[in-house]
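Biologist: I have a structure on my screen and would like to learn how to read it. Could we go through it together?

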Amino acid sequence: MRQDPLAYLAAELDSLREQGLYRSLRVLDDRQQAKAHFDGRSVVNLSSNNYLGLTTHPKLVAAARAATETFGVGSGSVRTIAGTMAIHMELERRLAAFKKTEAVVVFQSGFAANAGTVSAILNKDDVIISDELNHASIIDGCRLSRAAIKVFPHKDVEAARRIVRDLPAHQRKLLITDGVFSMDGDLGAVADLCALAEEYGCIMMVDDAHASGVFGQNGRGTIDHFHMHGRVDIQVGTLSKAVGALGGYVAGSRAFIEFLYHRARPFLFSTSHPPAVAASCLAAVDVLEQEPEIIDRLWENTRFFKAGLVNLGFNTGLSESPITPVIAGEGSRAMKLSDRLFQEGVFAQGLAFPTVARDKARVRTIVTATHTREELQFALDAFAKVGRELGLI
Ligand SMILES: Cc1ncc(COP(=O)(O)O)c(C=O)c1O
């Protein structure tokens, strides 16, 4: 009989089980919202990226429904063949105006936007200078480009400077950082890295996936927050988190975006968004422009919850955003914390190596604009109980 050539993967899974790192997927039984049903339990949901509650916003739902009725459920092709619909172009125009850039290209996801962009614009003769905690999609894009990758310690602009300074002046260089780091919730060194990029003629790129809809005026992101308009060559945003639907976008100059239309592989080789997705993203831009008070609510909830965790004595790292990690140390401890919280009615996902460093496993909490104070207090009470039980506080 033929031996299973994939048997080694089962052995790897066994090893994860032994280390207490095996995860089953939590299954959401109904809507993605602040209080939700996962695995049949009603829990306060601190694990989504649905910062503004837009996944269920009536205007987005109505827009998706209407677009489906009018245009059908799929685009039927990649963008460069027959899959560019008027609604895709409208979304790109709206996002460009929103981001105050010349042009925008929308990808199927933020992951595709990062990986597709970096791999399209660089080749093996170029060099990338990248923060060590940049998102996996940036890392994959860097690898696909075949450019040399130089990693600097997290937010260490002087280390980045030493790398850039020693590179040949004629070599093409991309300096890249997350705007908000997804595991720690701290802000990238956007302003200082921009100044460095300008000094040495680097291309400057910021991945604002977790800043879109959260930072800056009406949620325009960290470039707006730091008053850096016109100084960042490549801005990436996502439509999958605060915007509530799905997708990623890249904002920049017209020529750069047109180049991506010609060379970014996810754009060329993967089917474009269904009309309902584009329509809900358009409605989300309306909401960001017309209802900025939901962003204020997100920040009020963030301040309340963060202060609550700190007052209880948890190690919440250096977070400056609605992402607040509760650092537990070893992977198995973080998973235990997450499991016990779930039993107490709170869903905060555990994250361990390779997602975060081996000794910095954590549960990650993300509050949303739609959590009530009662829900957040309930979650804090659960953290207090379980944190004491596990000796974390
Ligand atoms: C920093 C960062 N960039 C990009 C992405 C990818 O975005 P998307 O979920 O839209 O693919 C994520 C999502 O996990 C992220 O955290």
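Modeller: Gladly! Keep in mind that this is a predicted model. Let us begin with the ligand: it has 15 residues around it, and those that come nearest are G110, D207, T238, S240 and K241.

Biologist: Which helix or strand gives the most to the shell around the ligand?

Modeller: That is helix α4, which gives 3 residues.

Biologist: How do I read a polar contact, and where does G110 touch the ligand?

Modeller: Look for a pair of N or O atoms within 3.5 Å. Here a polar backbone atom of G110 is 2.8 Å from an oxygen atom of the ligand. Side chains take part too: a polar side-chain atom of H210 lies 2.8 Å from a ligand oxygen, and an N or O atom in the side chain of H135 is 3.3 Å from an oxygen atom of the ligand. Taken on its own, the ligand has 390 Å² of accessible area, and the protein covers 83% of that.

Biologist: Back to the helix, then. How far does α4 reach from its first C-alpha to its last?

Modeller: A helix can be checked against an expected rise of 1.5 Å a residue. α4 spans residues 110-121, which is 12 residues, and reaches 17 Å, close to the 16 Å expected.

Biologist: And what caps the N-terminal end of α4?

Modeller: S109 does, with a side-chain oxygen 3.3 Å from the backbone nitrogen of F111.

Biologist: Is α4 mostly covered or mostly open?

Modeller: Here we count a residue as buried when its relative accessible area is under 20%. By that test α4 is mostly covered, with 11 of its 12 residues buried. Among them are G110, N114, T117 and I121.

Biologist: Now a strand, please. Why is β6 described as largely enclosed by the rest of the structure?

Modeller: 6 of the 6 residues of β6 (residues 173-178) are buried, so the strand is largely enclosed. Try looking at each face: K173, L175 and T177 are buried on one side, and L174, I176 and D178 on the other.

Biologist: Which strands pair with β6?

Modeller: To read pairing, follow the bridges and the strand directions. β4 (residues 127-131) runs parallel to β6 and is joined to it by 4 bridges, with I128 opposite L174. β7 (residues 203-207) also pairs with β6 in the parallel sense, over 5 bridges, and T177 stands opposite V206 there.

Biologist: What kind of unit do β6, α7 and β7 make?

Modeller: With helix α7 (residues 190-200), the two strands β6 and β7 make a right-handed β-α-β unit.

Methods
Residues numbered from 1 in each chain as written. Predicted model: local features only at pLDDT ≥ 70, side-chain atom pairs only at ≥ 80, totals over all residues. Heavy atoms only, no water. Expected span 1.5 Å × (residues − 1). Buried < 20%, exposed > 50% of the residue type's maximum accessible area, 1.4 Å probe, protein only. Polar contact = N/O pair within 3.5 Å; in protein donor to acceptor, adjacent residues only side chain to side chain. Pairing = 2+ DSSP bridges. Right-handed = clockwise from strand over helix to strand, strands pointing away. Near = heavy atom within 4 Å. Areas by Shrake-Rupley, 256 points an atom, 1.4 Å probe, with all protein chains shown as cover.
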